Each structure stands twice: as C-alpha cells, then as structure tokens.
Amino acid sequence: MTKELSDTTEVSVGLEALWQAFSKDLAVTVVKVIPNIVKDATVVEGDGGVGTVFLFKFFSGVSPVSYQKEKITELDEISHEIGLQVVEGGFLEKGFSYFKTSFQLSAVAEEKTLVKVKISFDSESEIAENVQPVKSLESVLSFVRCLETYLSNDA
C-alpha cells in the first residue's frame, strides 16, 4: 500500500525562476546547489519531458547509496508540478519497492513561491518505512532552501 508524507515551504524566489531550476535545469542545478552531496547528475534518457531519466551519483560517506536513477513521471507546465520516481538504485536498495518525490509550485507574490513537497512510497521494511521517508522529506525541504539561496545569490 502506498503511503505519503507531505509538507510545504515558502521561498523568496519567483515562480518562473524556481520552475526553471526544477524542471528544465535539474541536472545542472542539483550539482551546483548541493555539491557536497551530489558528485554528478546527468540526463541518461529523454529530452526533459515525461519519461526523462536522470542519473545522480553521490559522494561516498555522505549518502548511504552511491547512485540513484530517477524518472520524470509527472510534468505539468501549467500547474508547475513535477514528479520524480526512483527507478534504480537509491531507495530501491534500501527496502522500498516504490519511491517518488513530487513538487508543486504556486506563486504567492512576485518573488515568493509556495513549494508543496509530497513523498509517496511502498516499503518492504517497517524500519525503512518509519525512518527513511521522514529523513527524505527533511532532506528535500533542505534542498529547496539551498536552491532558494543559490537562486537568490549565485544564479
């Protein structure tokens, strides 16, 4: 049975700049935003739309896994929604049979965006189910805050 965790955060970045970073420039953005965690990010299949597969390689000692492939399974330019499902490595090696992170962006003001994060998962292990998704949600929210800082200062 699929379970979900969700949370929201507001960032001081305009909707279009944030959407560009999440949807169009994800492979480039991730390495720049969290360079101490993600060693490399590449598009291994697709053109940036639904079905595109990213390969994220992590530094050893920082992440419990060496890599993770994620596929864009949802992409809506109008409602600014993107869903990324782990298809190889990563959480699938840690007791999960399904793991997906979704983002929905909504403009609050010209330079403020509400980011809703949802993690959907199926797990074979109660330990993984009780610990990993919560840590993941915290990590994703931390990534969003790092992305806000990056876009505000460096981009």
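**Salt bridges, pocket lining and local environments**

Ser152 is partly exposed, with a relative accessible area of 44%, a value that falls between the limits of 20% for buried and 50% for exposed residues. The structure described here is a predicted model. Ser152 belongs to helix α3. Between the C-alpha atoms of Ser152 and Gln20 there is a separation of 14 Å, while their positions lie 132 residues apart along the chain.

Helix α3 is also prominent in the lining of the largest pocket, to which α3 contributes the most, namely eight residues. In general, the empty space left in a structure is revealed by rolling a probe the size of a water molecule over the atoms. The volume of the largest pocket is about 840 Å³. Its lining comprises 31 residues, and those nearest the centre are Phe58, Phe91, Ser136, Ser139 and Val140. Two or more lining residues are supplied by each of the helices α2 (26–33) and α3 (126–153) and by each of the strands β3 (53–58), β4, β5 and β6 (96–109). By residue class, the lining of the largest pocket consists of 20 nonpolar, eight polar and three charged residues.

Ser139, one of the residues nearest the centre of the largest pocket, was compared in position with Leu55. The two residues are 84 positions apart in sequence, and their C-alpha atoms are 18 Å apart in space. Leu55 is located in strand β3, one of the elements that give two or more residues to the pocket lining. Leu55 is classed as buried because its relative accessibility of 14% is under the 20% limit.

Electrostatic pairing was examined next. Side chains of opposite charge can pair when their charged atoms come close. The structure contains four salt bridges, three of which are described here. In one of these, the side chains of Glu4 and Lys118 are joined at an N to O distance of 3.8 Å. This pair connects distant parts of the chain, with Glu4 in strand β1 (residues 3–11) and Lys118 in strand β7 (residues 112–123), a separation of 114 residues. Lys118 is partly exposed, as its relative accessibility is 29%.

A further salt bridge is formed by the side chains of Glu77 and Lys24, with an N to O distance of 2.5 Å. Glu77 is placed in the loop between β4 (67–76) and β5 (81–89), and Lys24 in helix α1 (residues 15–24), so this contact ties together parts of the chain that are 53 residues apart in sequence. Both partners are partly exposed: the relative accessibility is 39% for Glu77 and 46% for Lys24.

The side chains of Glu88 and Lys69 likewise meet in a salt bridge, at 3.7 Å from N to O. Here strand β5, which holds Glu88, is linked with strand β4, which holds Lys69, and the two residues are 19 positions apart. Glu88 counts as partly exposed at 34% relative accessibility, and Lys69 falls into the partly exposed class with a relative accessible area of 24%.

The loop between β4 and β5, in which Glu77 is found, also contains His80. Most residues other than glycine have a negative phi. His80, although not a glycine, has a positive phi of about 55 degrees. His80 is buried, because its relative accessibility of 10% lies under the 20% limit.

Strand β7, which carries Lys118, also includes Ser120. Whereas Lys118 is partly exposed, Ser120 is buried, its relative accessible area being 6%. Ser120 lies 8.2 Å from Ser102, C-alpha to C-alpha, and the two residues are 18 positions apart in sequence.

On the surface, a nonpolar patch is formed by Ile37, Phe59 and Val62, which together have about 210 Å² of accessible area. Val62 is situated in the loop between β3 and β4. With a relative accessibility of 45%, Val62 is partly exposed; this value satisfies the requirement of over 30% for membership of a patch.

Technical notes:
Residues numbered from 1 in each chain as written. Predicted model: local features only at pLDDT ≥ 70, side-chain atom pairs only at ≥ 80, totals over all residues. Heavy atoms only, no water. Helix = DSSP H or I, 4+ residues; strand = E, 2+ residues; numbered from the N terminus. Buried < 20%, exposed > 50% of the residue type's maximum accessible area, 1.4 Å probe, protein only. 1 Å grid on protein atoms, 1.4 Å probe; cavity = no way out; pocket = protein on both sides within 12 Å on 5 of 7 lines; lining within 4 Å. Points joined across faces, edges and corners; volume = space filled by probe spheres on them. Nonpolar A, V, L, I, M, F, W, Y, C, P; charged D, E, K, R; others polar. Patch = residues over 30% accessible without salt bridge, like charges linked within 9 Å, V, L, I, M, F, W, Y side chains within 5 Å. Areas by Shrake-Rupley, 256 points an atom, 1.4 Å probe, with all protein chains shown as cover.
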